[in-house]
Amino acid sequence: MRASRALAVAATAFAAVGVCAPAAVATGGTGGGTGGNGPTNVTVRPTQVHQGGQLAVSASGCNRGGSVTSNAFPPTALTLNRSGNSAATPRIYDHATPGQYNLAVKCNDSPLVVTRTFTVIAGRGAQGGLGGSMAPSSTEMTIGAALVGTAAIGGGLFISRRRRLSGGKV
């Protein structure tokens, strides 16, 4: 009985090695795709972007950096982040013609290129405005001061009239 258990454990171990060996050879023996085999798991978000908008491109396997290129934006460098993936945020040209485009991701340590598609949509999308980053103009200050002064005078008149009407004594 002990021999059959040992045989079963040995067969399982050999099967595990047999399954993992082709994957190790395919990745250059490193097990993680870092042997210069090119970009993997390339994602593009969003897949539809307005003219002048930004894309978020990420890829695995570009440990020495790389680049993202397209006709819709200038060449953008891939930078390695803390999680071990490479990322880039290219900005679409303001004058890009609406339609479908390809982008190409290439690692610096590999000749392989991975392509993905995305769509450029006409328009600028939502414009957030200045968000309070500018000081008020002199006209706005004058109108605001006039409103505050009017409210102060009106409030003072209201309180002074109310005192006289409640019993006739001040």
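**Ser-110, the sheet and a ring cluster**

Mentor: Let's start with Ser-110, whose side chain reaches the backbone nitrogen of Gly-38 at 3.3 Å. Keep in mind that we're looking at a predicted model.

Trainee: What makes the Ser-110 and Gly-38 pair a polar contact?

Mentor: Check the distance. The cut-off for a pair of N or O atoms is 3.5 Å, and the Ser-110 side chain is 3.3 Å from the Gly-38 nitrogen, so the pair counts as a polar contact.

Trainee: Is Ser-110 buried or exposed, and how do you know?

Mentor: Its relative accessibility is 4%. Buried means under 20%, so Ser-110 counts as buried. As for its place, Ser-110 sits in the loop between strand S7 (99–107) and strand S8 (113–121).

Trainee: What is the order of the strands in the sheet?

Mentor: Eight strands make an open sheet, and reading across you get S1-S3-S6-S5-S4-S7-S8-S2, with mixed pairing. From one strand to the next, the twist averages 30°.

Trainee: Why do S1 and S2 stand at the edges?

Mentor: Each of them has a single partner strand, so one side of S1 and one side of S2 have no neighbour in the sheet.

Trainee: How do you know that S4 and S5 pair?

Mentor: Count bridges. Pairing takes at least two, and three of them join S4 (residues 66–70) to S5 (residues 76–80), so these two strands pair, running antiparallel. For one partner match, Gly-66 has Leu-78 in S5. The two strands form a hairpin, with five residues between them.

Trainee: How many bridges join S5 to S6?

Mentor: Two bridges join S5 to S6 (residues 86–88). At least two are needed, so S5 and S6 pair as well, again antiparallel. Thr-79 stands opposite Ala-87 in S6. In this hairpin, with five residues between the strands, Gly-84 has a positive phi near 90°.

Trainee: How many bridges do S4 and S7 pair over?

Mentor: Five, in the antiparallel sense. Val-68 stands opposite Val-105 in S7.

Trainee: How many aromatic pairs does the structure hold?

Mentor: Two. One of them is Tyr-101 with Phe-118, a stacked pair.

Trainee: Why is the pair of Tyr-101 and Phe-118 called stacked?

Mentor: The ring centres are 5.9 Å apart, and pairing asks for centres within 6.5 Å, so the rings pair. The planes are 20° apart, and under 30 degrees counts as stacked, so the label fits. The pair links distant parts of the chain, with Tyr-101 in S7 and Phe-118 in S8, 17 residues apart.

Trainee: Are Tyr-101 and Phe-118 buried or exposed?

Mentor: Tyr-101 has a relative accessible area of 16%, and Phe-118 has 1%. Both values are under 20%, so both residues are buried. Ring pairs also bring in Phe-73, giving a cluster with Tyr-101 and Phe-118.

Trainee: Which peptide bond is cis?

Mentor: The one from Arg-45 to Pro-46, with omega near -15°. Pro-46 is in the loop between S1 (40–45) and S2 (48–50).

Trainee: What makes the phi of Asn-41 worth a mention?

Mentor: Most residues other than glycine have a negative phi. Asn-41 isn't a glycine, yet its phi is positive, about 50°. Asn-41 lies in S1. At 59% relative accessibility, Asn-41 is over the 50% mark, so we call it exposed.

Note on methods:
Residues numbered from 1 in each chain as written. Predicted model: local features only at pLDDT ≥ 70, side-chain atom pairs only at ≥ 80, totals over all residues. Heavy atoms only, no water. Helix = DSSP H or I, 4+ residues; strand = E, 2+ residues; numbered from the N terminus. Buried < 20%, exposed > 50% of the residue type's maximum accessible area, 1.4 Å probe, protein only. Polar contact = N/O pair within 3.5 Å; in protein donor to acceptor, adjacent residues only side chain to side chain. Phe/Tyr/Trp six-rings, centres within 6.5 Å; stacked < 30°, edge-to-face > 60°. Axes fitted to C-alpha atoms, helices over the stretch in contact; angles between N-to-C directions.
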